Amino acid sequence: MSLQDTIEFQVKSAVKALFQSELESVEFQATRKEFAGDITVVVFPMLRVVKGNPAIIGEQIGQYLLDHVDLVIGFNVVRGFLNIEINDVHYLNFFNSIKDNSTYGYVDQKDDKAVMVEYSSPNTNKPLHLGHVRNVLLGYSVAEILKASGKKVYKTQIINDRGIHICKSMLAYQKFGANETPTETLKGDKLVGNYYVKFDQAYKAEIAELIAQGQSEEAAKKNAPILLEAQQMLIKWEAGDDAVVALWKKMNQWVYDGFDVTYKNIGVDFDAYYYESDTYLLGKEFVAEGLKSGVFFKKEDGSVWCDLTSDGLDEKIVLRSDGTAVYMTQDIGTAIQRIKDYPDVGGMVYTVGNEQDYHFKVLFLILKKLGFDWAKNLFHLSYGMVDLPSGKMKSREGTVVDADDLIQEMADTAEEISEELGKLEDYNQTEKETLYKTIGLGALKYYILKVDPKKRILFDPKESIDFQGNTGPFIQYTYARIQSILRKSTSTSSEDEVFSGLTLHEKEKQLIKQLELFPEVIQNAAEQHSPAVVANYTYELVKDFNSFYQNVSILGADTDLEKSFRVALSKSVSHTIKNAFQVLGIEVPERM
RNA sequence: GGUCGCAUAGCUCAGCUGGAUAGAGCACCUGCCUUCUAAGCAGGCGGUCCUAGGUUCGAAUCCUAGUGCGAUCACCA
């Protein structure tokens, strides 16, 4: 029974004994640090059942607890708040129970139903940028959090490998490419992206020319020859034209190879890949089926729609009049295909920007109407855009923060700071570079993950990401500090040493209290699909540890017992940091 | 215009299902490295919680209206 459950039970008993009333629940909160006590019972809500002065009621309940509960050793009442002091034995017992658990906070898989988490899902005509980075970090982390909370998880993506966008790159490559191929210094995704930009430049030049010849801007945008040519190419692709398909395959492969390098760099992975070119046909099949069952209806021109007006939404097209698939068609197909491939999946999480809120609302509704029971367990992990001070990032216009560049810059900053501090003289070059990457990525990932996914992020490249304060490196640093202590510790304390008879220092107690929260934090983060919950918790834990570290001597403790206890406590904190950061996808260094 | 999201210190952000004098970091100012890593610690400065109503013993938190910013409402993805 947890501390809170115990106290709740006893408070109810107290109210029954003192006031002959039944309490449904007891409201708790952490005791504010300016008052004595470890846990606080809020008296006000009881006034509905127990009439009287809250201060006096608190006083009476407090006295009852002191008399009847061993672990309560004191109390005070401030207005309607009953602050209860808990004895050290409780905290020591708890600590003994978790101190050697290196997977503390994680729950073994308990759910037979799996969750599929989709993230990244890029178009194949340009390299990944900062916007994708947020997506990838969020999706990966939520997947890891769900795993830690006891779910089986599959990570996946849908690759938008077909469409007009890739044709634009292909066409520009044909026209201006001179058979260029990826090289060591030019990754395939960058190469293809360059041609996407070149297409846009040529397109804009043509528009300007047409306008100069007297066409309206609108007409010019539609009639630019290079655009018409790209559209022709798409039609050829759909018809299976050998040359076009061959080029498409070649250039997509360049992009995939480039993406792989970036994903590896970021440190994320996938269990399953889906390609739009594979799933849109299945979507079409189910549209046909839905048409039969009356979920969809056909308009005179042949286009197929879903009427969502009774759900407060509009009519939504699911198939064009020419019979070709739209985005929705493909997403219907992909969802169904995934459940076919992984029958144990009972729900899915889609990590996609909030600009697509409406799309997913509609998609989920349609899947429900089609009668899939898993459709009630679909969640759109909607996140805010990453904007630059200059506004939105646009690949076409080259105003993007490139993912590979950003990661490199972060590592460079880590190197500068590390060199300046000069604590790593005995590290060789490889060790140093690994560490710089760990720290640089730690800074970047933490910076992005610590903010609530819903909120948009304004990223200013000129104001570099911090390495001090509430940051990844600060937390990594604390971990490294603990490792240093563990290396130096000559304490022979065995794994199964049980600590008792100690009087806890205020800072020690605070740390144990904070550790106690971790499993709940993981569950909360999973429910809310929010890595930010884990990040903020970790920061609090680390602040508490540093305060302990600077105010209490660990290796210089007065007695062997104290020393051994403090080393064990530090070790436990380091496990928790590591486990928390692992679900954020951030590595922790042995030294820094 | 309809719908959805966001609004908290100069800046970046916490604030759980309503609870005590609204918390951190950065920046600025003070102290602390002959003792376990100063990417740190201890402290100071800094707030009409967008506005106006409402519900409540109690509202940054819930409800309504408004303001500002963003997104979306395509036979684009």
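A residue is called buried here when its relative accessible area is under 20%, and exposed when that area is over 50%. In this predicted model, Arg566 has a relative accessible area of 9%, and therefore counts as buried. Arg566 belongs to helix α18, and its side chain reaches the backbone oxygen of Ser553 at a distance of 2.8 Å. The helix around Arg566 is itself mostly covered, since 20 of the 25 residues of α18 are buried. Helix α18 runs through residues 560–584, and the 36 Å from its first C-alpha to its last is close to the 36 Å expected at 1.5 Å a residue. Just after α18 comes Gly585, which takes a positive phi of about 75°.

From this one helix the view can widen to the whole protein chain. Chain A holds 18 helices and 14 strands, and its C-alpha atoms fill a box of roughly 90 × 65 × 45 Å along the principal axes. Of the 592 residues in chain A, 54% are buried. The chain is divided into domain 1 (3–86), domain 2 (163–270) and domain 3 (403–584), and the C-alpha centres of domain 1 and domain 3 lie 35 Å apart.

Asp112 offers a contrast to the buried arginine. Asp112 is found in the loop between α3 (88–98) and β5 (114–118), and because its relative accessible area is 66%, Asp112 counts as exposed. Asp112 and Asp67 are 45 residues apart along the chain, and their C-alpha atoms are separated by 46 Å.

Another helix to follow is α9, which covers residues 242–266 and contains Trp248. The 25 residues of α9 should span 36 Å at 1.5 Å a residue, and because its end C-alpha atoms are 36 Å apart, the model agrees with that expectation. At the start of α9, a side-chain oxygen of Asp241 comes to within 3.1 Å of the backbone nitrogen of Ala243, while just after the helix Gly267 takes a positive phi of about 90°.

Aromatic contacts come next. A search of the whole structure finds 26 aromatic pairs. One of them joins Trp237 and Trp248, whose ring centres are 5.1 Å apart and whose planes stand at 65°, so the pair is edge-to-face. Trp237 lies in helix α8 (residues 225–238) and Trp248 in helix α9, so this pair ties together parts that are 11 residues apart in sequence. Both Trp237 and Trp248 are buried. Phe518 and Tyr537 have ring centres 5.4 Å apart, and with their planes at 25° the pair is therefore stacked. Since Phe518 lies in helix α16 (residues 506–528) and Tyr537 in helix α17, the pair ties together parts that are 19 residues apart in sequence. Phe518 and Tyr537 are likewise buried. Elsewhere, Tyr119, Phe259, Tyr263, Phe270 and Tyr273 form one aromatic cluster.

The protein is accompanied by RNA strand B, which is surrounded by 63 residues, the closest being Asp301, Arg320, Lys423, Tyr477 and Tyr549. Of the atoms of RNA strand B that come within 4 Å of the protein, 60% belong to sugar and phosphate. Several elements contribute to the surface near RNA strand B, and among those that each supply at least two residues are β4 (81–86), α13 (403–421), α15 (472–488) and α17 (531–551). By residue type, this surface near the strand divides into 25 nonpolar, 18 polar and 20 charged residues.

What parts of RNA strand B take part in individual polar contacts with Asn83, Asp452 and Tyr539? For Asn83, the partner is a base nitrogen, which lies 3.1 Å from an N or O atom in the side chain of that residue. For Asp452, a polar backbone atom is 2.7 Å from a phosphate oxygen of the strand. For Tyr539, a polar side-chain atom lies 2.8 Å from a sugar or linking oxygen of RNA strand B.

Conventions:
Residues numbered from 1 in each chain as written. Chains lettered and ligands numbered in written order. Predicted model: local features only at pLDDT ≥ 70, side-chain atom pairs only at ≥ 80, totals over all residues. Heavy atoms only, no water. Helix = DSSP H or I, 4+ residues; strand = E, 2+ residues; numbered from the N terminus. Expected span 1.5 Å × (residues − 1). Buried < 20%, exposed > 50% of the residue type's maximum accessible area, 1.4 Å probe, protein only. Near = heavy atom within 4 Å. Polar contact = N/O pair within 3.5 Å; in protein donor to acceptor, adjacent residues only side chain to side chain. Nonpolar A, V, L, I, M, F, W, Y, C, P; charged D, E, K, R; others polar. Domains from an automatic or database assignment. Phe/Tyr/Trp six-rings, centres within 6.5 Å; stacked < 30°, edge-to-face > 60°.
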